[in-house]
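Student: Could you take me through one part of this structure closely, and then show me how the rest is arranged around that part?

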Amino acid sequence: MAKKKTDPWGDTVLVEFDAGIAWVTMNRPSKKNAINPTMGREMCATLETLALDDRCGVMVLTGAGDSFAAGMDLQEYFRETDDAGDEVIMKARRINEEWQWRRLRDYPKPTIAMVNGWCFGGAFTPMVGCDLAIAAEEATLGLSEINWGILPAGNVTKAVVETMGYRDALYYIMTGEPFDGKRAAELGLVNEAVPLRQLRRRTRELAVTLLEKNPAVLRNAKLATKRVRYMDWEVSADYLYAKMGEALFFGEAADNRRGAMKAFLDDKEYRPGLEHYKDTKSAKKKSGKKKAKKKAKKKAKKKSRKSGK
Ligand code: COA
């Protein structure tokens with residue numbers, strides 16, 4: 001899809017819209033999509049924009065060419081910032097954190113990581129930041145940090161211990177041993193692995209399943225799943241009922257608010273400072289529903305009396 005002047009994604013991030021799915025591609029194939037500061041900035045702007053774009057019902061994150069992403073760019077993210085001073089390093093980290101987990105983890109739309117190839121180190125954070133993940137069986141993943149002398153920071157270690165078991169996390173963090181997509185599925189890092197040639201089709205299938213759900217309920221369901229992990233049973237029980245109620249409330253609450261604004265701003269029918277807004281349309285709808293329910297109840301009673309039950 002041709003990029004418009006107003007689109008926030010640039011050369012390092014591509015976005016393609018397709019029947020409710022926004023395919024977001026990390027696009028530095030000549031550098032195995034290594035994540036540099038420019039990509040970080042473009043990702044932040046892209047995610048911000050897609051959150052409000054109706055063409056994006058589900059966001060799929062993937063990489064161009066033969067890589068998902070070869071982690072952080074060793075040249076631009078590490079070497080060039082090393083000598084630029086603390087402020088520059090902190091800024092680069094802030095941008096990175098912003099999109100890789102702060103935004104992605106709580107993204108208002110469902111997200112799927114489609115791991116199509118090389119996936120190392122810093123790429124684990126956005127992969128785990130996505131709600132669901134599917135890998136190509138042929139993909140190669142690895143916590144390579146230990147191989148070049150750092151520990152997996154950038155919340156990579158956190159992402160790993162949240163998805164893998166304790167022993168496996170320690171094993172791969174300490175050895176830096178690469179593994180394939182099939183193993184990633186066994187480890188629980190991704191939901192499933194499929195042959196590369198089926199990867200896009202299977203990802204689309206999953207995205208379509210998500211598109212069929214009520215978006216408000218889906219949003220609350222995924223956020224609740226993330227939050228309850230850190231709650232005790234009592235708090236979790238209360239929280240889940242509250243979230244469930246909130247999700248059901250969304251549609252009507254939004255209609256009510258819209259109606260009130262219209263009644264005040266356009267129709268000049270009421271003043272919110274002085275009175276409560278009465279949504280006559282939905283009240284009528286509700287009373288119609290109530291009447292129909294009453295009628296059905298009466299009918300059922302009559303029927304059971306007739307049959308002598
Ligand atoms: N940072 C910066 N540049 C990277 C990079 C990274 N993380 N990963 C790959 N590149 C660059 C290479 O330097 C090379 O650039 P050049 O063509 O200008 O020389 C280009 O991408 C292609 O990489 P190359 O190593 O030639 O490809 P390959 O197919 O032989 O190997 C990898 C692919 C991914 C196995 C290998 O590039 C690699 O090990 N990358 C580093 C992965 C890593 O440890 N990331 C963790 C960072 S936290």
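**Strand 5 and its surroundings**

Tutor: Happy to! Leu-61 stands opposite Ala-113 in strand 5, and that pair is a good place to begin. Please keep in mind that this is a predicted model. Three bridges join strand 3 to strand 5, and the two run parallel. On strand 7, the residue opposite Ala-113 is Ala-133. Strand 5 covers residues 111-115, and four bridges link strand 5 to strand 7, again in parallel. Val-115 has a partner there too, standing opposite Ala-135 in strand 7.

How many of the residues of strand 5 are buried? Five of its five are, so strand 5 is mostly covered. In a regular strand, side chains alternate between the two faces of the sheet. Here both faces are covered: Thr-111, Ala-113 and Val-115 are buried on one side, and Ile-112 and Met-114 are buried on the other.

Ile-112 deserves a pause. Leaving out residues up to four places away in sequence, Ile-112 touches Val-58, Val-60, Cys-130, Asp-131, Leu-132, Ala-133, Ile-134, Thr-203, Leu-206 and Ala-207. Ile-112 also belongs to the largest nonpolar core, which has 64 residues. The residues with the most contacts inside that core are Val-60, Ile-112, Val-115, Cys-119 and Met-127, so two residues of strand 5, Ile-112 and Val-115, appear in that list.

Moving outward, strand 7 (residues 132-136) has four of its five residues buried, so the rest of the structure largely encloses it. Strand 7 is also joined to strand 10 (residues 192-194) by three bridges, and these two strands run parallel. In that pairing, Ala-136 stands opposite Val-194 in strand 10.

On to helix 1, which includes strand 3 (58-63) among the elements covering its buried residues; strand 1 (13-18), strand 2 (21-26) and helix 3 (86-105) are others. The buried residues of helix 1 are Met-39, Gly-40, Glu-42, Met-43, Cys-44, Thr-46, Leu-47 and Leu-50. Does its length fit a regular helix, or depart from one — what do the end atoms show? Helix 1 has 15 residues (37-51), which should span 21 Å at 1.5 Å a residue, and its end C-alpha atoms are 21 Å apart, which agrees. Helix 10 (residues 215-228) can be checked in a similar way: its 14 residues reach 20 Å from the first C-alpha to the last, close to the 20 Å expected at 1.5 Å a residue. Within helix 10, Leu-218, Asn-220 and Lys-222 are buried.

There is a second sheet to look at. Four strands form an open sheet in the order 4-6-8-9, with mixed pairing. Strand 4 (67-69) and strand 9 (179-180) stand at its edges, each with a single partner strand, so one side of each has no neighbour in the sheet. Strand 9 is joined by two bridges to strand 8 (residues 140-142), and they run antiparallel. There, Thr-140 stands opposite Asp-180 in strand 9.

Now for the ligand. It is surrounded by 15 residues, and the closest are Ala-34, Ala-70, Gly-71, Gly-121 and Ser-144. Helix 2 (74-82) and strand 6 (118-120) are the elements that give two or more residues to this shell. By class, the shell has six nonpolar, five polar and four charged residues.

Gly-121 leads on to a residue in a loop. The C-alpha atoms of Leu-151 and Gly-121 are separated by 9.5 Å, although the two are 30 residues apart along the chain. Leu-151 is found in the loop between helix 5 (145-148) and helix 6 (156-163). Is Leu-151 buried or exposed? With 11 other C-beta atoms within 10 Å, Leu-151 is exposed, because a residue counts as exposed at 12 or fewer. Apart from neighbours within four places in sequence, Leu-151 is in contact with Glu-145 and Thr-157.

To place all this in the whole chain: there are 12 helices and 10 strands, and 34% of the 309 residues count as buried. Among contacts with a separation of 6 or more, 70% come from residues 24 or more positions apart.

How values were computed
Residues are numbered from 1 along each chain as its sequence is written. This is a predicted model: local features need pLDDT of at least 70, side-chain atom pairs count only at pLDDT 80 or more; totals for chains, interfaces and linings use all residues. The expected span of a helix is 1.5 Å times one less than its number of residues. A residue is buried if 20 or more other C-beta atoms lie within 10 Å of its own, exposed if 12 or fewer, and partly exposed in between; C-beta atoms are placed from the backbone. Two residues are in contact if their C-beta atoms, placed from the backbone, lie within 7 Å. Two strands pair if DSSP finds at least two bridges between them. A residue is near a molecule or strand if its C-beta atom, placed from the backbone, lies within 6 Å of it. Ala, Val, Leu, Ile, Met, Phe, Trp, Tyr, Cys and Pro count as nonpolar, Asp, Glu, Lys and Arg as charged, and the others, Gly among them, as polar. A nonpolar core is a set of buried Ala, Val, Leu, Ile, Met, Phe, Trp, Tyr and Cys residues joined through C-beta atoms within 7 Å.
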